Amino acid sequence: MSMGADNAGLRVAVIGMGQRSAIARHVADATATDPALAARVVAVADVTAAGRERGHAEYPDAVVVGHHRDLTGHVDAAIVTTPDWTHAEIAIDLLRAGIAVYLEKPLAITVEDADAVLNTAAETGTPLYVGHNFRHAAVVRLMREVIARGEIGEVKAVWCRHFVGNGGDYYFKDWHADRTKVNSLLLQKASHDLDVIHALGGGDTARVVGMGSLSVYGEVTDRRDRSGELMGDWFSHDNWPPLAQTGLNPVVDVEDVSMVMMTLDNGVQASYEQCHFTPDYWRNYTVIGTEGRLENIGDTGGGVVKVWTHRRGWDTAGDREYPIDGVEDGHADADLLTMTEFLRSVALGEPAELSPIAARAAVAAGALATRSLRTGSVPIDVPPLPAETIAHFTHPTTTHPAQTVGS
Ligand SMILES: NC(=O)c1ccc[n+]([C@@H]2O[C@H](COP(=O)([O-])OP(=O)(O)OC[C@H]3O[C@@H](n4cnc5c(N)ncnc54)[C@H](O)[C@@H]3O)[C@@H](O)[C@H]2O)c1
């Protein structure tokens, strides 16, 4: 098996050729727009024949294999876009094989597995990057800038309401609806926002309480196994109202409405609410500081972040209003920034803004909130990571062999 010469740039594999594998197109985009980068997709791994066919179609020159272990020795880096429950095992295998890892969020579906991945990265010194692309979204950057400028004083509370309007199509018609595959949607879907709550609040969750239920989709009895299909095959805004949905996954046992309360390790108080049967699809943050409050209206290009800094009654205008840049739908701009950051960190050894420690903090908040909500809403404290693991990611001391590739 030949996957290209070492001196022609970073050799990248895509593992899991499903809906999200589209982010691997940004390898070519990043290489085309960033003169410091040379990287190309040379291999695809997917356990299904349909996935391997998609691999051949998208990357006709790439080698297509059935198992990620077949990539050992042939690639420098891998983009892992497989379902959540496979993340830890695949990442650990790749890290041990010396293959730099871009792992889709969530890092893992339990705290124990998340820690095993981070500990392996620390032991092996192989680069690990977790694709928390939402941190690079324009709305998040804008809110962080407002906070960093001190416009609302010292942050004391962060609240996020998440209206997952496409929830029925995105999360209840395949593996996402099954606890054994995702743990919960508080982990699978909320990991983006739990991560951003940590970024806005300036701390990680230390104690968490959860509450929630399967309130709507459990009543839909029309079920079917959609093996071989991808979400794009069944998605439609016409699938409305939620109780009229058909063809849900045979197993539906994750919550479709849930709430989390968090105390961050710096004392900031936070909450997150997620609902999968709203008509509209966006998230609304409020950050309250000692001198004001911000709130986003819309979370993509065309939306705004408003800031209130004077006392009054209700007033939708705010004192200041900042437009949100970026794409008006989806997150292709954040995805390109994220992929570029990963490739630069592997090829050039640059420090990445996204941190695996932060990805672990998001898993801990989501997984322990889920445990709390399923066991009578007891408060649960987040266990610490081993000090050596924290030290590894805080003060990286290793250099990946790929940093000399193509340079
Ligand atoms: N960051 C984001 O904005 C974002 C958006 C969507 C999805 N995701 C993440 O991407 C991941 C994939 O989601 P998706 O919607 O593409 O799923 P999907 O079901 O559409 O595709 C998964 C693919 O992985 C393959 N696969 C399964 N197990 C495998 C294994 N062990 N080895 C190799 N291939 C395997 C499947 O055959 C399929 O082709 C999930 O973890 C999800 O959380 C992230």
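**Exercise 1.** How do the residues of the shell around the ligand divide into nonpolar, polar and charged?

*Solution.* The structure is a predicted model, and in it 27 residues surround the ligand, the closest being Arg20, Asp46, Asp84, Lys105 and Trp175. Sorted by type, the shell holds nine nonpolar, 12 polar and six charged residues.

**Exercise 2.** Describe polar atoms of the protein that lie by oxygen atoms of the ligand, and state how much of the ligand is covered.

*Solution.* Begin with the backbone, where a polar atom of lysine 105 is 2.9 Å from an oxygen atom of the ligand, and where an N or O atom of glycine 18 lies 3.4 Å from a ligand oxygen. Turn next to a side chain: an N or O atom of arginine 54 is 3.1 Å from an oxygen atom of the ligand. Finally, of the 860 Å² of accessible area that the ligand has on its own, the protein covers 86%.

**Exercise 3.** Which parts of the chain does the salt bridge between aspartate 195 and arginine 135 tie together?

*Solution.* The closest N and O atoms of this pair are 2.9 Å apart. Aspartate 195 belongs to helix 9, while arginine 135 sits in the loop between strand 6 and helix 5, so the bridge ties together parts that are 60 residues apart in sequence. Both aspartate 195 and arginine 135 are buried.

**Exercise 4.** Is glutamate 255 buried or exposed?

*Solution.* The cut-off for buried is under 20% relative accessible area; glutamate 255 has 7%, and therefore counts as buried. Glutamate 255 forms a salt bridge with arginine 374 at 2.9 Å, and these two residues are 119 residues apart.

Methods: Residues numbered from 1 in each chain as written. Predicted model: local features only at pLDDT ≥ 70, side-chain atom pairs only at ≥ 80, totals over all residues. Heavy atoms only, no water. Near = heavy atom within 4 Å. Polar contact = N/O pair within 3.5 Å; in protein donor to acceptor, adjacent residues only side chain to side chain. Areas by Shrake-Rupley, 256 points an atom, 1.4 Å probe, with all protein chains shown as cover. Nonpolar A, V, L, I, M, F, W, Y, C, P; charged D, E, K, R; others polar. Salt bridge = Lys/Arg side-chain N within 4 Å of Asp/Glu carboxyl O. Helix = DSSP H or I, 4+ residues; strand = E, 2+ residues; numbered from the N terminus. Buried < 20%, exposed > 50% of the residue type's maximum accessible area, 1.4 Å probe, protein only.
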